[in-house]
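Colleague: May we go through this structure together, step by step? I should like to begin with a single residue and then move outwards.

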Amino acid sequence: MNKGKLIVFSAPSGSGKTTIVKHLLGKEDLNLEFSISAASRDPRGEEEHGKDYYFISLEQFKKHIKAEEFLEWEEVYRDNFYGTLKAEIERIWALGKNVIFDIDVAGGLRIKHKFPEQTLAVFVKPPSVDELKRRLKQRSTESDDKINMRIAKASVELATAPQFDTIIKNYDLDTAKEEAYQLVKDFVSKK
Ligand code: 5GP
């Protein structure tokens with residue numbers, strides 16, 4: 001099987017990484033396919049099963065853990081489990097494509113350690129924790145409690161940035177998108 005490259009985008013929730021990943025998925029020359037994670041939380045807003053996530057029950061999630069079917073998984077927030085199924089990566093490689101991940105920092109680093117040469121691990125840095133809070137509130141898809149939980153985690157996550165191959169500062173979205181495109185293009189073009 002042609003094993004494509006792995007492109008990891010990790011960042012605290014609200015940093016803009018999902019927007020950047022979606023932008024890159026629109027660039028045909030990068031030959032990317034999104035790694036759909038399994039998640040034990042409920043869908044939010046317009047999210048669809050099999051497109052944004054494979055939404056499964058906590059019980060099902062735990063069965064996959066036991067059967068060692070995950071490449072990596074994390075209890076990202078209490079009782080909210082997220083993970084990358086090995087079968088998902090195989091599916092994308094079978095298409096002859098490179099895989100792009102939108103996952104949390106611990107999961108991102110785990111993939112980098114498992115496939116050090118094949119992986120480009122990118123950390124997306126928000127301007128500040130206050131700005132992060134403002135963005136999450138503006139999104140208003142979650143309760144204040146859940147937003148506060150995400151903010152508390154963000155400070156811990158920001159400290160892991162130096163372990164990534166590259167840091168993109170998302171102070172201006174268009175600049176960050178262009179920077180991400182150039183980085184990924186260079187990486188996927190390399191033999
Ligand atoms: P959200 O609930 O906002 O969609 O995602 C919460 C966090 O879980 C985000 O940081 C997201 O990137 C991360 N996440 C999504 N899928 C995975 C996964 O497969 N593995 C890990 N470790 N984190 C994930």
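Colleague: Which residues does Thr84 touch, not counting residues up to four places away in sequence?

Modeller: The model is a predicted one. Thr84 is found in strand β6, which covers residues 80-85. Leaving out residues up to four places away in sequence, Thr84 touches Ser35, Ser37, Glu69, Phe70, Leu71, Glu72, Ile89, Phe101 and Ile111.

Colleague: Is Thr84 buried or exposed?

Modeller: A residue counts as buried when its relative accessible area is under 20%. For Thr84 the relative accessible area is 0%, so Thr84 is buried.

Colleague: Which residue shares a salt bridge with Arg91 and lies in strand β2?

Modeller: Arg91 forms a salt bridge with Glu33, with the closest N and O atoms 3.5 Å apart. Arg91 lies in helix α3 and its partner in strand β2, so the pair ties together parts that are 58 residues apart in sequence. Arg91 also forms a salt bridge with Glu88, but Arg91 and Glu88 both lie in helix α3. The residue in strand β2 is therefore Glu33.

Colleague: Which element gives the most to the lining of the largest pocket?

Modeller: The largest pocket holds about 1,100 Å³ of space and is lined by 38 residues. The elements that give two or more residues to this lining are α1, β5, β6, α5 and α6. With six residues, the element that gives the most is α1.

Colleague: How many residues of the lining of the largest pocket are charged?

Modeller: Asp, Glu, Lys and Arg count as charged. The lining of the largest pocket has eleven nonpolar residues and eleven polar ones, and its charged residues number 16.

Notes
Residues are numbered from 1 along each chain as its sequence is written. This is a predicted model: local features need pLDDT of at least 70, side-chain atom pairs count only at pLDDT 80 or more; totals for chains, interfaces and linings use all residues. Side-chain values use heavy atoms; hydrogens and water are left out. Helices (H or I, at least four residues) and strands (E, at least two) are DSSP runs, numbered from the N terminus. Buried means under 20% relative accessible area, exposed over 50%, partly exposed in between (1.4 Å probe, protein chains only). Contact means heavy atoms within 4.5 Å. On a 1 Å grid over the protein atoms alone, a cavity is a set of points where a 1.4 Å probe fits but cannot get out, and a pocket is an open set with protein on both sides within 12 Å along at least five of seven lines; lining residues have an atom within 4 Å of a point. Grid points are joined across faces, edges and corners, and a volume is the space filled by probe spheres set on the points. A salt bridge is a side-chain nitrogen of Lys or Arg within 4 Å of a carboxyl oxygen of Asp or Glu.
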